[in-house]
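Trainee: I am new to this structure and should be grateful for a close look at the ligand and its surroundings. Please then continue to the backbone features that deserve attention.

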Amino acid sequence: MIRSRIIGTGQYLPEKILTNHDLAKLMDTSDEWIRQRTGIAQRHVAEEGEGASALGYPAAKRALEAAGVDPGEVDFIICCTTTPDYLFPATACLIQEMLGCRRAAACDVSAACSGFVYGLATADAFIRAGLYKTVLVVGAERQANRLNWKRRETAVLFGDGAGAVLLRAEEGERGVLKTYLGADGRHADILIMLTGGSRKPFEDTTQEEEQLAIHMDGQDLFKRAVGAFGLAVHKTLEGSGVSVDDLDLFVPHQANTRIVYTAAERLGLPAEKVFMNIEKVGNTTAASVPLALDEAVRQGCLKEGDNLMLAAFGAGLTWGGALVRW
Ligand code: UT7
């Protein structure tokens, strides 16, 4: 059976770091509040003028290098982002040009924090169908210049960064075993960026900071996120022959330490099997899962044959999971 094996991972974080203490000088917040409620201690912030492609490109390059694969071998590039460089063309096309992947098709996937899992499932489907052999999935987010720094309830949560994986079609038991995706548009309004799209372009607004903001019902989202993580993991495992107890590592979307550990506890997953890096990078939305995965790889948390679960939850609402035999 042909499977998509992850043969390389990479990440990129901008040099500039904004700590909770830095934020406390800008708004009415504290290191203690942010750490206790979210698990975040700092986040990285890209330079002025840098878009998502400037972050996605080095992460993708590192994934190719880790796999020892030439850019010319890539068939398809999927960039998962909520902060594309432009409304069009796709950020994936900009990354394709930067990498020199001349023969690769390229498009973006937009599913907010679940974007990477959606992108991975899409890549896996193309590979299983026999259409492509080598697919690059990049999660890249440039959130900081879109945040309203007067809105403490969202400004403290997000960070910039990128992660990437390179998938290759291979015969055998290793690779993506199963994916599952879900969505519920009835709750689109509980996490939404109202301006900048076709319904309310920036030029049609008064440009007041209030409008240039992410609107979020944090408490509602918190409860739904815990449930969605559980659903994503159970649905992904269904029929796979792998149980929660068989999982060796869980790399979730880094939304909030409390959300993730509550979901893990309800799933019966011990905390030591949960990989978290939110403390150092914050919530990097679609970049969060591949960024955490690359970190887990670098720290030697995965060995051949391990059962890895990736899961995410985000605006849309969207959620999903991917079960991978490492
Ligand atoms: O990736 C998916 C996207 N987002 C999420 O998954 C977010 C899900 N939700 C959450 O993570 C949590 O709801 C938050 C971290 C956003 C907030 O934590 P919470 O425990 O739900 O806090 P809260 O909204 O109930 O606010 C508690 C208090 C309020 O003050 P009062 O009314 O008790 O006086 C807020 O005004 O904390 C206040 N507050 C803050 N205080 C200091 C809200 N934001 C801040 C802040 N610093 N940054």
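Mentor: The account below begins with the ligand and then turns to the backbone and to buried parts.

This is a predicted model, in which local features need pLDDT of at least 70 and side-chain atom pairs count only at pLDDT 80 or more, while totals for chains, interfaces and linings use all residues. Residues are numbered from 1 along each chain as its sequence is written, and side-chain values use heavy atoms, with hydrogens and water left out.

The ligand is surrounded by 21 residues, and the closest are T29, R37, Q219, N256 and N283. A residue is near the ligand if one of its heavy atoms lies within 4 Å of it. By type, the shell divides into nine nonpolar, seven polar and five charged residues. Here Ala, Val, Leu, Ile, Met, Phe, Trp, Tyr, Cys and Pro count as nonpolar, Asp, Glu, Lys and Arg as charged, and the others, Gly among them, as polar.

Polar contacts, meaning pairs of N or O atoms within 3.5 Å, can be followed from side chain to ligand. R152 places a polar side-chain atom 3.0 Å from an oxygen atom of the ligand. For H253, the distance from a polar side-chain atom to a ligand oxygen atom is 2.8 Å. N283 likewise has a polar side-chain atom 2.8 Å from an oxygen atom of the ligand. Taken alone, the ligand exposes 950 Å², and the protein buries 73% of that; such areas come from the Shrake-Rupley method with a 1.4 Å probe.

The ligand sits in the second largest pocket. On a 1 Å grid over the protein atoms alone, a pocket is an open set of points with protein on both sides within 12 Å along at least five of seven lines; a molecule sits in it if more than half of its atoms lie within 2 Å of its grid points. Two or more residues of the shell come from each of helix 2 (31–38), helix 6 (152–155), helix 7 (218–237) and helix 8 (257–267). Helix 7 gives the most, with four residues. Helices (H or I, at least four residues) and strands (E, at least two) are DSSP runs, numbered from the N terminus.

The backbone comes next. The peptide bond from F88 to P89 is cis, with omega near 0°, and P89 lies in the loop between strand 4 (76–80) and helix 4 (91–99). Another cis peptide bond joins G316 and L317, with omega of about -10°; L317 is in the loop between strand 12 (307–314) and strand 13 (318–325).

A112 is not a glycine, yet has a positive phi of about 50°. A112 counts as buried because its relative accessibility is 12%, where buried means under 20% relative accessible area with a 1.4 Å probe and protein chains only. T285, also not a glycine, has a positive phi of about 40° and lies in the loop between helix 9 (278–281) and helix 10 (288–298). With 5% relative accessibility, T285 counts as buried.

Helix 10 itself is largely enclosed by the rest of the structure, because nine of its 11 residues are buried. Among them are S288, P290, L293 and D294. Just after helix 10, G300 takes a positive phi of about 70°.

Finally, Y180 belongs to strand 8 (residues 175–183) and, at 17% relative accessibility, counts as buried. The C-alpha atoms of Y180 and K235 are separated by 6.5 Å, although these residues are 55 residues apart along the chain.

Note on methods
Buried < 20%, exposed > 50% of the residue type's maximum accessible area, 1.4 Å probe, protein only. Polar contact = N/O pair within 3.5 Å; in protein donor to acceptor, adjacent residues only side chain to side chain. 1 Å grid on protein atoms, 1.4 Å probe; cavity = no way out; pocket = protein on both sides within 12 Å on 5 of 7 lines; lining within 4 Å.
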